[in-house]
Structure formats: C-alpha cells, structure tokens
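This report is meant for a reader who has not seen this structure before. Please look over the sequence and the structure first.

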Amino acid sequence: MVLDIYGFYDKMEQNNIMLSFKGDITSDLLTSILQIMEAKLDNWQEEPKVKKKVYNVLVECLQNLYHHMDEMSPNQDDKIRSAIFMIGKIDGQYNIITGNYIKNENIPNLQKLLEDINLLSKEELKEYYKAVLNNGEMSLKGGGGLGMIDIARKTGGKLQFHFTPVDDNYSFFSLNINISQ
Amino acid sequence: MEAISIEGTPKTPTVNFDTAKGFLEIKGRSIPENSIEFYKPIVDLLERYASKPQTETNVNIQLEYFNTSSSKCILDVFKKLEGINKGGSKVVINWYYEEDDEDMLEAGEDYQAIINVPFKMVQVVD
C-alpha cells in the first residue's frame, strides 16, 4: 500500500493545520512544540492577549497528553503510548485537537468530569477551580481535573470530546478546543 | 542567613529568596511538567524562615505564564506566607499582571480569595 501523502496534506491544508505531531510525548518535545508555536504567534503579530490565551491552553492540552503517557505502563506497546496533537486556525479561531488511547475503565470518570465542566457558567467555573485548587488532592502528575477546568475557563467555550471504541481494553479519546478571539 | 537564587529557564521561573531581607521574588514562566520538585526548596526554606522571620516580608510574583501544575505549588507557597503573616511578620504579596492580561489578574484574585494575606495587584504597562 502506498501512503496517500497528498491526501494527508490536503486534509491538513483544508483544516489549516499549522503544526501536528504523532508519537511519544516527551518533556523535550513539549519544549520544542511550545517554542515553535510561540515563534509562530509572534510572527503573525497576534495581540498579546490572544497569544497568551493560546499559549496557556496549549500548555495545558500538551501536558494533559504528557501526564496521560505516564499512566500507561512503560512496557505497553508503542501504539498505546502514542498520542496525536494538532493546532490549526480557521476563520481567526484557533483550534487545538488532541487524541490519545484511554483504558475503557477510566472513561466514566473522565466523561463525568468533562460533562460536569460543560454544565458550568463562567462564574461557577471560577468557584469550581478555586475549590479544586484549595482542596483537591494533587498528585505528581497533575491536579485532579484542574487542567480541564482551566482550559474551559480560559476559552469560555464548551469542551468537545469523543471516545472512539478500539477494543475490549482501550478507546481513543479526542478533545477539540476552540479559542475564539 | 539562607538564600535561594535560581536562574529562570523556558519552563521554570527566576526565584530569589533573601531571608536576611525578608524578600521573595518569583518571576518569568512556570510551566514545568512536574512542579512539586521545583517548588520544594522554596516551600522548605519558607518553613525554616517562619521560625524567625523579618518584621516585614515582601513577596513579588511576576509571572508571564503558569500552568495548573504550578498553581497548586504557588498556593503552597502562599499558605506558608499566610502562616508567617499570622506569626508576626507583616507580609505583602505583590501580584504583577500585564495590561490586558485579564486571565493573570483573575488568577491573582483567585489566590487573594483563598489566602488571608494582603495582596496588591500591580499592573505592568509596557
């Protein structure tokens, strides 16, 4: 089978994807992606306000992927540990998409967290954030949903997500974040 | 007198903590994947400082970006400062935010609502 590289290119072009990555998410990779994106945002002379928002949300999205990789046991095959990330800009709106495998048993908790967040108003999100910040148990890996709450607060929109069943043990979790200006 | 002086990196902030002057400053970016490790020496030194603090303790927080992993650690720093403020040293936290950076101002206000220490919101104009 010949890889349809033009098909990939065309799809990315249509969706105005400016950067994408698939594979192992490491700390060094995140540093590089953030540097590249910061340079791009500077080049386009985005307003500082927009730039900061995009950068902040990007950090949280990428670090979600990074911490998620930690959860997968290291002797898991590479496929399961791999993740995908894309950022695009359509009609002046930034679009961050992430995808990673998730154990089926972990879906209900994540789904509930995201659905709960999506029900909250701006003011309620602020209170929820403060409550989790002040009382929530923080592991080395992150903050009990604090990242998702922060993304919802900063973007002001609903978190769009989907779980695609893969097999008896795993599904593929995708998250789509829009940042309007 | 003990002190901490850490140079900033693309993911971690510049930190200066001079216990002799009662001055703590954290500035730059705080977006490491694991923040607990980075903030531990600061929290530990605050713990020791709390036993014999200066009469006044001034704290400058001037962050351009910080992630949610850091936000909990910054709260831990502020909780130590809350104890020091109760213990007799007059603590003031100066929270710097850039003009137009409403998210950073709001983040400061979140801490202000949680922590019982006087906060000063300081707008930085380019």
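The sections below take up chain B, one of its helices, the contact between the chains, and one loop residue of chain A.

## Chain B as a whole

The model is a predicted one. Chain B contains 3 helices and 6 strands, and along the sequence these follow the order β-β-β-α-β-α-β-α-β.

The C-alpha trace of chain B spans about 40 × 25 × 25 Å along its principal axes. For 126 residues, a compact globule would be expected to have a radius of gyration near 14 Å, and the value for chain B, 14 Å, agrees with this. Buried residues make up 37% of the 126 residues of chain B. Among contacts in chain B with a separation of 6 or more, 71% are between residues 24 or more positions apart.

## Helix H1 of chain B

Helix H1 of chain B covers residues 35–49, which is 15 residues. At 1.5 Å a residue the helix should span 21 Å, and the end C-alpha atoms are indeed 21 Å apart, so the two values agree. H1(B) nevertheless has a kink of about 30 degrees, and this kink is centred on Pro41(B).

Which residues of H1(B) are buried? They are Ser35(B), Tyr39(B), Ile42(B), Leu46(B) and Tyr49(B). In an α-helix there are 3.6 residues a turn, so residues three or four places apart point the same way. The buried residues of H1(B) pack against four elements of chain B: strand E1 (3–6), strand E2 (14–18), strand E3 (23–30) and helix H2 (68–86).

## Where chain A meets chain B

The contact between the chains involves 24 residues of chain A and 19 residues of chain B. On the chain A side, the elements that give two or more residues are helix H2 (27–43), helix H3 (48–71), helix H6 (122–135) and helix H7 (146–155) of chain A. H3(A) gives the most, with 10 residues.

Sorted by class, the side of chain A that touches chain B is made up of 9 nonpolar, 8 polar and 7 charged residues.

## A loop residue of chain A

Lys158(A) lies in the loop between H7 and strand E4 (160–165) of chain A. Is Lys158(A) buried or partly exposed? Lys158(A) has 13 other C-beta atoms within 10 Å, and therefore counts as partly exposed; a buried residue would need 20 or more.

Lys158(A) and Asn118(A) are 40 residues apart in sequence, while their C-alpha atoms are 5.4 Å apart in space.

How values were computed:
Residues numbered from 1 in each chain as written. Chains lettered and ligands numbered in written order. Predicted model: local features only at pLDDT ≥ 70, side-chain atom pairs only at ≥ 80, totals over all residues. Contact = placed C-beta atoms within 7 Å. Nonpolar A, V, L, I, M, F, W, Y, C, P; charged D, E, K, R; others polar. Expected span 1.5 Å × (residues − 1). Bend = angle between axes of the 7 residues up to and from the residue. Buried ≥ 20, exposed ≤ 12 C-beta atoms within 10 Å, placed from the backbone. Rg over C-alpha atoms; globule rule 2.2 N^0.38 Å.
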